[in-house]
Amino acid sequence: MMRRTSNANRTRRTVKAAAALLTGALALSLTACGGDDDKSGGDKSTGPKESGSALTLPELNGTTLEVAAVWTGPEQANFKKVLAEFEKRTGAKVTFVPAQDPIINFLGSKIAGGQPPDVAMLPQPGAIKQAVDKKWAKPLGAEALKELRKNYSQGWQDIGKVGGEQYGVYYKAANKSLVWYNATVFENAGASEPGTWDELLSTAQTVYDSGVTPFSIPGADGWPLTDWFENVYLSQAGPEKYDQLAKHEIKWTDPTVKEALTTLAEIWGKKDYVAGGADGALQTQFPNSVTQTFTGGDQPKAAMVYEGDFVQVNIAQTDAKIGTDAKVFPFPKVGDTAPVVSGGDAAVVLKDSEGAQALATFLASPDAAEIQAKLGGYLSPNKNVDVSVYPNDVQRTIAKALIAAGDDFRFDMSDQAPQAFGGTPGKGEWKDLQDFLKNPSDVAGIQKKLESDAAAAYGN
C-alpha cells in the first residue's frame, strides 16, 4: 500500500490547489456546457485513435483469457468493449467473469476449484496485498512495466506495488469528492452551490423548505457511507491524521473521529433530510440513489446525491443530461481545505502467461482507456489519455483535475484497509457506518465498534 512520503505542508498545498482547480473549473464548465449536454452514455465513436498509437501487442490466435471484476450494468458493458478491441488486435478470446464482493473471497473459491481467472480487477490496494500474500498475484512483465511507467505518475504506480514490486495497473480511477444535484430543484428553490459544510446545510434547508428532500443516500451499500466519512475526515482532520487512521496508527476512538462522525450526523441524523429516512436509505442501493435524484420531474425523491464521477453512468439511465439537468459541485470543505479523495480498480495478473501479460499491457495504455473514456462514467489515471475523448465538459474537467493532482492525492481510506474491515458487505466499517446511519446519536458506541473491528482486521 502506498503512503505519502512528501512533506505535510507540501501535501496540504497540493491538495488545496487540486481542490481549487476542481472548484473553479467545474464552475466554468457547467456555465459553458449548455450546448454540450450529451448524456454520458452517448458514444460518438468506437475504438482507440488509429493514428499515433505505438502500442504493439502479440498475436494470440487460439488464446483464451478470463477477466474477473465486480462491475455490473453499463460499467460492465463498457469494459467489455475494451476487451473486444483487445480481441480484435490480438486474436485472443476474452471472457468477462462477473465477481461478487468481496472479490478476494470470490477469487479464493475459484482458485480452490482450480479455475482462477487470468486477470482480476481489484478495487482495493488491500486486496492487491492479500492476493500477493496468498501467492495468487504475479508480477507485471517487462512490456506491461514499460507501458505503465510511460503513462502513469509515480503515485499511481506505487499503489499497485507490494514489497517494492509492481503487481497492479490502475486502469480505472475515481474522483470521490463530488456532489451531484438536480438543477431544476435548485433553480425552483433558489438554492446555490455550497462551498463549505455550513453552506451545504443551508442549501439543504433551502431545498427542504421548497418541498423536496435534500439528500439521497445509498445506505444498503456500505461503501458510499465510508466515502462520506472520508471526505469529512480528510477536510476536517487533515491529511496527516487521515494517513494515520488509514494505517490504524491512531484509534477510531480518537477525538478527530468523534468530530467527523458528529459532523456527519448533522445530515444523517435529520430524517427529513434523507430520502426515505434512515430506514429508506438502508434499503436504497447505489444505482437507485442516483436515478431517484434525476427522475420525477421537479419533484424527485431527493435533490442531491453524493458520490464520484462514475455517477454519470447511472444518470445516463435517466432522461437527465449532464451539465444541464444534472450538475455537480466539489464536496464542500469542512475544515481549511476541500477534500480530494480518489479510488480505483487495478488489473492484476493471476496466470503468468503471454496473453495475460499482454492484456495488462493493453490496459496500461491510453488506447484501452480512451475507448471507455468515450462512453462516459469512467475516469483514467493514465496521464497520456487525450482528455478531449471524454463525452462532456464536466467529465473533461474532472479528468484534468485528477491528473493535475499528481502524486499528492489521498486514496480511499477503506480501500487501503484489510478487506475484512474496509471492503466486506455486512462487516467492519461498512456495517458499522450502516448502524451509525440508523442511529447517528450513538457516536461513542460506533467509535468503539469501529475500533474493535479495525483492531481485529489490522492485527493490532
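Let me begin with one term: when I say that two residues are in contact, or that they meet, I mean that they have heavy atoms within 4.5 Å. Please also keep in mind that this is a predicted model.

With that term in hand, let's look at two helices, α5 (residues 142-151) and α15 (residues 354-363). Which residues meet here? From α5 we have Glu143, Ala144 and Glu147, and they meet Gln357, Ala360 and Thr361 of α15. Sorted by class, this contact has two nonpolar, two polar and two charged residues. The axes of the two helices come within 8 Å and cross at roughly 5°. Angles under 35 degrees count as roughly parallel, and α5 and α15 are therefore roughly parallel to each other.

Now let's step back to the whole chain. How many helices and strands does the chain have? There are 21 helices and 12 strands. The chain has 460 residues, and 59% of them are buried. Take the contacts between residues at least 6 apart in sequence: 79% of these join residues at least 24 apart. As for the outside, the accessible surface is about 17,100 Å², and carbon and sulfur atoms account for 47% of that.

On to the strands. Strand β6, residues 168-175, is mostly covered, with eight of its eight residues buried. What does β6 pair with? Its partner is strand β11, residues 341-349; the pairing is antiparallel and has seven bridges. If you'd like one spot to find on the screen, look for Ala174, whose bridge partner in β11 is Gly343.

There is also an open sheet of four strands, in the order β8-β9-β7-β10, with mixed pairing. Its edge strands are β8 (215-216) and β10 (326-330), and each of those pairs on one side only. You might wonder whether β10, as an edge strand, is enclosed or open. Four of its five residues are buried, so β10 is largely enclosed by the rest of the structure. Strand β7, residues 178-182, runs antiparallel to β10, and five bridges join the two. Along that pairing, Tyr181 stands opposite Lys327 of β10, and Asn182 stands opposite Ala326.

Let me finish with a few single residues. Gln76 sits in helix α2, residues 73-90. Is Gln76 buried or exposed? Buried means under 20% relative accessible area, and Gln76 has 16%, so it counts as buried. If we set aside neighbours within four places in sequence, Gln76 is in contact with Trp71 and Phe96.

Next comes a peptide bond to look at: the one joining Asp101 and Pro102 is cis, with omega at about -5°. You will find Pro102 in the loop between β2 (93-98) and α3 (103-112).

Finally, here are two residues that have a positive phi without being glycine. Lys135 has a phi near 65°, and His248 has one of about 60°. Both are in loops: Lys135 lies between α4 (125-133) and α5, while His248 is found between α10 (239-246) and α11 (255-268). How do they stand on burial? Lys135 has 68% relative accessibility, so it counts as exposed. His248, with a relative accessible area of 7%, is buried.

That's my tour, so do go and find these places in the structure yourselves. Thanks for listening!

Terms used. Residues are numbered from 1 along each chain as its sequence is written. This is a predicted model: local features need pLDDT of at least 70, side-chain atom pairs count only at pLDDT 80 or more; totals for chains, interfaces and linings use all residues. Side-chain values use heavy atoms; hydrogens and water are left out. Buried means under 20% relative accessible area, exposed over 50%, partly exposed in between (1.4 Å probe, protein chains only). Two strands pair if DSSP finds at least two bridges between them. Axes are lines fitted to C-alpha atoms, for helices over the stretch in contact, and angles run from 0 to 180 degrees between N-to-C directions. Angles under 35 degrees count as roughly parallel, over 145 as roughly antiparallel, 65 to 115 as roughly perpendicular and the rest as oblique. Ala, Val, Leu, Ile, Met, Phe, Trp, Tyr, Cys and Pro count as nonpolar, Asp, Glu, Lys and Arg as charged, and the others, Gly among them, as polar. Accessible areas come from the Shrake-Rupley method with a 1.4 Å probe; for residues, only the protein chains shown count as cover.
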